[in-house]
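Open the model in your viewer and switch to a cartoon view. We will go from one selection to the next, with a short stop at each.

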Amino acid sequence: MADDELQAQLASLGARLQSLEDLEAIKELHRRFTKAVADRDFGTLSGFFTEDAVIDMRRHGETVGTEAIKQHFDGMEAQPLIGAGYVLSSPVIDVTGDAASGEWTWHRFTAPGSWEEGRYRCAYRRTEDGWRFTRLHFRVVLPDPDDSSADEASS
């Protein structure tokens with residue numbers, strides 16, 4: 001094998017490895033975020049976002065910037081929700097360089113027989129500290145969907 005061919009193969013393998021590592025890092029970011037929500041560790045949640053991030057969660061409207069995001073999650077702490085279990089699944093993630101987008105399915109189980117299914121649509125950016133959310137859009141879709149007009153307006 002010629003040196004040029006070997007260098008091309010190594011470059012291709014390096015790019016594939018980087019892509020796999022990026023996908024796993026983004027999955028880990030979202031899993032840690034969901035675990036922090038489940039653990040009601042709201043004080044850590046703003047650290048998952050870039051300074052210019054936007055969240056749009058259910059009926060709360062858009063919240064911009066980490067300080068406003070911190071205040072949003074601080075407000076959730078006062079809402080009682082005991083014994084909820086969360087399942088995050090079905091990630092579809094596209095990475096292009098230092099940016100990525102992803103869609104996830106979310107389930108929350110509370111009292112016996114009580115559940116909700118939701119969808120995350122996210123954008124991510126690679127930072128000096130690793131991957132972070134730049135946009136997090138969330139809506140419950142089942143059994144009682146959030147207002148679809150609000151969902152369509154934020155797309």
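Start with the sheet of this predicted model: six strands make up an open sheet with mixed pairing. Colour the strands one by one and you can follow the order β2-β1-β6-β5-β4-β3. Now pick out the two edges, β2 (62-64) and β3 (85-96), each of which pairs on one side only. Turn the sheet to see its twist, which averages 15° from one strand to the next.

Next, select helix α1, residues 3-38, which packs on the sheet. Which strands does helix α1 touch? Show β1 (49-57), β3, β4, β5 (115-127) and β6 (130-142), and you have the strands it touches. Compare the direction of α1 with that of β3: the two make about 150°.

Stay with β3 and add strand β4, residues 99-109. The two run antiparallel, joined by 10 bridges. For one place to zoom in, select Gly-85, which stands opposite Phe-109 in β4.

Now move to the other edge strand, β2, and select helix α2, residues 66-76. This helix lies across β1 and β2, and its run is at about 45° to β1.

For the last stop, show the side chain of Arg-139, a residue of strand β6. Is Arg-139 buried or exposed? Its relative accessible area is 4%, so Arg-139 counts as buried, the cut-off being under 20%. Add Asp-56 to the view: its backbone oxygen lies 3.1 Å from a polar atom of the Arg-139 side chain.

How values were computed
Residues are numbered from 1 along each chain as its sequence is written. This is a predicted model: local features need pLDDT of at least 70, side-chain atom pairs count only at pLDDT 80 or more; totals for chains, interfaces and linings use all residues. Side-chain values use heavy atoms; hydrogens and water are left out. Two strands pair if DSSP finds at least two bridges between them. Helices (H or I, at least four residues) and strands (E, at least two) are DSSP runs, numbered from the N terminus. Axes are lines fitted to C-alpha atoms, for helices over the stretch in contact, and angles run from 0 to 180 degrees between N-to-C directions. Contact means heavy atoms within 4.5 Å. Buried means under 20% relative accessible area, exposed over 50%, partly exposed in between (1.4 Å probe, protein chains only). A polar contact is a pair of N or O atoms within 3.5 Å; within protein, one must be able to donate a hydrogen and the other to accept it, and residues adjacent in sequence count only if both atoms are side-chain atoms.
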